[in-house]
Protein chains: 2
Amino acid sequence: MSQRHVGVTELALRDAHQSLFATRMAMEDMVDACEDIDRAGYWSVECWGGATFDSCIRFLNEDPWERLRTFRRLMPHSRLQMLLRGQNLLGYRHYEDSVVEKFVDKSAENGMDVFRVFDALNDPRNMARAMKAVVATGKHAQGTICYTISPLHTVEGYVRLAGQLLDMGAQSIALKDMAALLKPQPAYDIVKGIKDTYGDVQINVHCHSTTGVTLVSLMKAIEAGADVVDTAISSMSLGPGHNPTESLVEMLEGTDYTTDLDMERLTRIRDHFATVRPKYREFESATLVDTDIFSSQIPGGMLSNMESQLRAQGAGDRIREVMTEVPIVKKDAGYPPLVTPSSQIVGTQAVFNVLMGRYKVMTGEFADLMLGYYGECIGERNPEVVEIARKQAKKEPITERPADLLEPEWEKLEDDAAKLEGFNGSEEDVLTNAMFPGVAPKFFAHRNEGPKNVGKTAEQLAHEQAIADGSANAVRAPIRYTVSFGGQTHTVQVEPA
Amino acid sequence: MSQRHVGVTELALRDAHQSLFATRMAMEDMVDACEDIDRAGYWSVECWGGATFDSCIRFLNEDPWERLRTFRRLMPHSRLQMLLRGQNLLGYRHYEDSVVEKFVDKSAENGMDVFRVFDALNDPRNMARAMKAVVATGKHAQGTICYTISPLHTVEGYVRLAGQLLDMGAQSIALKDMAALLKPQPAYDIVKGIKDTYGDVQINVHCHSTTGVTLVSLMKAIEAGADVVDTAISSMSLGPGHNPTESLVEMLEGTDYTTDLDMERLTRIRDHFATVRPKYREFESATLVDTDIFSSQIPGGMLSNMESQLRAQGAGDRIREVMTEVPIVKKDAGYPPLVTPSSQIVGTQAVFNVLMGRYKVMTGEFADLMLGYYGECIGERNPEVVEIARKQAKKEPITERPADLLEPEWEKLEDDAAKLEGFNGSEEDVLTNAMFPGVAPKFFAHRNEGPKNVGKTAEQLAHEQAIADGSANAVRAPIRYTVSFGGQTHTVQVEPA
């Protein structure tokens with residue numbers, strides 16, 4: 001029997017630690033695994049983009065461009081892959097096209113191979129320029145479908161969106177399931193639909209594992225023809241993260257499909273991260289599996305955000321009302337997928353609606369969403385709510401691509417960066433400051449202090465374990481102390497009374 | 001589209017806590033969930049047998065028969081299900097047939113509906129009498145295939161075994177995957193093979209989740225025609241336990257299959273056990289997912305047993321040698337599935353072989369296994385090793401059913417029990433003492449003190465959380481120490497200044 005080869009994208013170096021412990025993994029905790037990752041036979045290694053850039057400069061005092069160059073040097077045989085939020089790049093606003101082009105060029109130049117380009121609203125116009133820039137560099141442009149569920153989202157719609165991405169020059173299509181909502185049957189249907197409609201286009205499937213069902217979804221996607229699936233090595237898997245790489249490999253044994261990954265190397269990669277993960281335990285959530293999102297349609301992170309907003313207002317008991325309000329706000333906004341930043345925007349407005357009356361007060365971001373400044377959603381926006389947004393924000397609704405409103409800004413961004421202490425004169429630094437103007441100045445000023453590791457040391461972990469075991473909680477055996485008291489020094493022996 | 005209904009067996013009340021925290025859950029932590037479990041629409045509720053009986057009398061000072069009667073009373077609409085180790089009942093030796101019959105009768109009388117009968121070696125002769133006894137009571141007799149992997153274990157062999165179980169009167173066949181070794185393709189092939197060969201016989205599939213692949217195996221088993229699958233509510237799932245019930249339900253949406261479980265009740269059951277599980281955290285292993293067993297063929301529990309045996313001999317560094325020895329011992333023994341008790345017997349012998357030379361010293365249990373006293377395995381036993389066993393144990397090999405060697409023993413067991421302090425005169429007590437003669441006397445003597453809960457209280461958990469948060473790391477309340485100083489001893493009280 002001839003088996004079809006299924007590619008695997010390893011997520012340990014990016015989305016896995018982003019999802020499991022808030023993107024806090026220091027580069028020094030990754031370098032020793034790179035040779036095995038490089039040689040294990042992955043289709044690609046996701047290692048940059050998403051929140052890693054932000055986390056590097058905000059928490060780790062690490063130059064993200066240097067991180068990219070290090071990965072390039074340590075993994076010469078691999079396709080390096082990044083997640084890129086279209087016209088937002090890695091930041092939280094729309095950038096003018098020349099900035100998008102510059103970022104893509106510099107990323108490619110520093111070693112990036114595969115650009116997974118997405119937009120939170122699935123608005124193709126927000127992805128087009130980044131896709132074009134990637135194609136121009138000769139690197140791999142991957143167009144992305146953000147998967148969500150709503151009365152308007154259909155298999156046919158997703159297949160149509162795939163066509164639009166292909167028209168932009170996508171060399172592959174990613175089906176991105178950030179909330180672990182993709183069940184086996186729609187996974188099968190969407191992949192099959194794209195293959196049947198557009199021929200043998202490469203399809204990559206990315207699922208989180210939060211709901212516990214998505215390894216099955218990967219199986220059905222593979223049966224439908226998916227070419228590459230995303231997983232994380234087992235010691236960096238599950239919970240709000242992803243399905244375990246080794247489980248995927250074993251799952252396919254005896255089927256018509258195979259991964260050809262090197263199990264010995266996978267074992268070493270696993271053992272490496274098994275020692276790293278406990279260092280970041282304090283950043284981990286306790287969630288093992290959570291299927292609530294299927295009924296609530298509210299991702300876990302969004303729910304905890306809303307809960308803390310309510311508590312801050314002394315209204316922690318009103319979460320049920322807010323959960324009932326979210327679907328209304330989502331519908332009024334034209335059914336955006338709930339993913340950063342739309343999840344925060346919709347969630348915060350739902351909280352406001354419950355606390356102050358529906359749309360009595362609108363956040364600036366929600367008004368922008370209603371007025372088209374984030375792009376188009378699949379559904380029509382509620383005209384009455386658009387009118388309220390117009391009045392409150394004193395802005396007119398737009399129908400054009402949001403970035404079309406922006407003036408060329410590269411020169412200004414260069415000027416801004418040039419004024420900063422510690423700016424190194426590179427275009428990379430200009431881009432860093434452009435995307436994180438609130439954080440980059442401090443990072444530049446302190447960059448020469450070198451990377452910080454916010455994980456715990458082995459000694460701290462051992463001490464905590466001892467406390468958990470109760471053994472460090474009390475004096476058990478005689479301990480000798482030197483005690484200075486009244487100007488004199490004595491040796492004192494202490495033991496349990 | 002008409003969907004086929006798939007039944008579900010809920011494991012929260014038995015195998016889930018047995019696998020996750022050493023069968024320690026007290027009855028009082030289960031009763032409040034019973035009404036929802038009873039009404040959620042499960043095919044059956046596994047709640048007794050396995051190690052629950054042992055744990056009840058050894059750790060929880062709880063009468064297991066009373067537990068069964070309580071479940072019966074609290075779940076009047078449900079099929080109650082138990083796991084029964086054939087001729088071993090719930091103990092660790094073979095019992096004479098009249099004891100097997102008595103146990104089955106008493107279990108049925110106290111409320112049991114479905115008897116899942118298995119044998120560690122898959123020897124049908126060790127299951128036949130228990131099956132016959134169940135059929136005689138009019139209750140549901142489920143014959144079990146223990147799934148394992150070896151050069152001799154084939155799909156055809158498992159299908160043949162199913163036929164032998166049906167010939168014994170099995171009303172359904174359980175495919176039991178205690179080590180999470182069952183991959184999707186063999187799951188499909190075995191279920192399909194049984195259905196194709198024997199027509200529409202009911203097939204129940206039981207998988208652990210240790211390796212992370214078995215929810216996919218359940219999906220393929222369902223596609224092949226499986227009628228009932230075993231899961232545990234999500235807050236009692238994963239790791240060495242089982243796949244989450246809610247994930248199974250959601251997984252099937254949009255497919256040709258449905259469970260019809262009541263999601264509202266599942267949510268309440270989940271919430272109940274989400275508060276219970278942390279109480280037993282100290283009994284939990286940290287394993288989230290482990291695919292090592294696919295290459296080592298050694299279940300996780302067996303591996304840690306061997307490691308602690310080696311450490312006790314000051315040979316903790318020789319685990320690799322033992323892991324290489326296990327397949328040799330397993331082959332010599334005729335490829336027994338590695339499950340209690342064969343996993344311990346094979347594992348301990350492998351340790352002995354490494355430490356003292358191959359078969360230089362044989363455990364009594366391993367000699368018995370080699371001489372046929374546990375029954376027959378699928379493969380031929382190595383005649384040279386049988387000969388060594390014969391000499392060392394000074395016993396002849398047998399080919400008959402082991403229980404055929406036993407004299408009628410019920411009257412003796414009655415006499416034994418009657419002598420015990422606290423014996424209540426019931427046949428149930430006779431059976432309890434028959435199965436656990438080393439534990440039952442103490443339990444009878446202390447039974448009237450009532451059940452013990454070995455889980456932590458809410459207060460203890462809060463205190464531990466505070467320690468983990470670092471806040472209890474300092475002296476909070478006065479602590480008294482004995483201090484030796486200048487040759488004199490004083491009692492000193494220390495408290496926050």
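## The barrel of chain A

Eight strands of chain A close into a barrel, following the order S2-S3-S4-S5-S6-S7-S8-S9 with parallel pairing. On average, neighbouring strands of this sheet are turned by 30° against each other, with direction ignored. Please keep in mind as you look around that this is a predicted model.

A good place to start is strand S2(A), which covers residues 7–10. On one side, S2(A) runs parallel to strand S9(A), residues 228–231, and four bridges join the two. Within that pairing, Gly7(A) stands opposite Val228(A). S2(A) also pairs with strand S3(A), residues 44–49, again in parallel, this time through two bridges. There, Thr9(A) has Ser44(A) as its bridge partner. As a general reminder, strands of a sheet pair through backbone hydrogen bonds, either parallel or antiparallel.

## How the two chains are related

Next, let us turn to the pair of chains. Chain A can be superposed on chain B by a rotation of 180° with 0.1 Å of shift along the axis, giving an RMSD of 1.7 Å. This is the relation of a two-fold axis. If you would like to find the axis from chain A, look for Val216(A): its C-alpha is the nearest one of that chain, 2.5 Å from the axis.

## Where the chains meet

The contact between the chains takes 37 residues from chain A and 37 residues from chain B. On the chain A side, several elements each supply at least two residues: helices H8 (184–198), H9 (214–223), H10 (245–251), H12 (292–296) and H21 (458–468), together with strand S12 (488–496). Of these, S12(A) gives the most, with five residues. By residue type, the side of chain A that touches chain B divides into 19 nonpolar, 13 polar and five charged residues.

Do the copies use matching or unrelated surfaces here? Of the interface residues of chain A, 81% are also interface residues in chain B, so the copies meet through the same surface.

## Two helix pairs to inspect

In chain A, helix H18 (residues 410–418) packs against helix H19 (residues 427–435) at an angle of about 95°, and their axes are 9 Å apart. H18(A) is therefore roughly perpendicular to H19(A). From H18(A), Leu413(A), Glu414(A), Asp416(A) and Ala417(A) take part, meeting Asp429(A), Val430(A), Asn433(A) and Ala434(A) of H19(A). This contact divides into four nonpolar residues, one polar and three charged.

In chain B, helix H16 (residues 364–371) and helix H17 (residues 383–393) pack at about 130°, with axes 9 Å apart. That angle makes H16(B) oblique to H17(B), and their crossing is left-handed. H16(B) brings Gly364(B), Ala367(B), Met370(B) and Leu371(B) to the contact, while H17(B) brings Val385(B), Val386(B), Ala389(B), Arg390(B), Gln392(B) and Ala393(B). Sorted by type, the residues of this contact are seven nonpolar, two polar and one charged.

How values were computed: Residues numbered from 1 in each chain as written. Chains lettered and ligands numbered in written order. Predicted model: local features only at pLDDT ≥ 70, side-chain atom pairs only at ≥ 80, totals over all residues. Pairing = 2+ DSSP bridges. Axes fitted to C-alpha atoms, helices over the stretch in contact; angles between N-to-C directions. Least-squares fit on C-alpha atoms with pLDDT ≥ 70 in both. Contact = placed C-beta atoms within 7 Å. Parallel < 35°, antiparallel > 145°, perpendicular 65-115°, else oblique. Left-handed = near helix turned anticlockwise from the far one by under 90°. Nonpolar A, V, L, I, M, F, W, Y, C, P; charged D, E, K, R; others polar.
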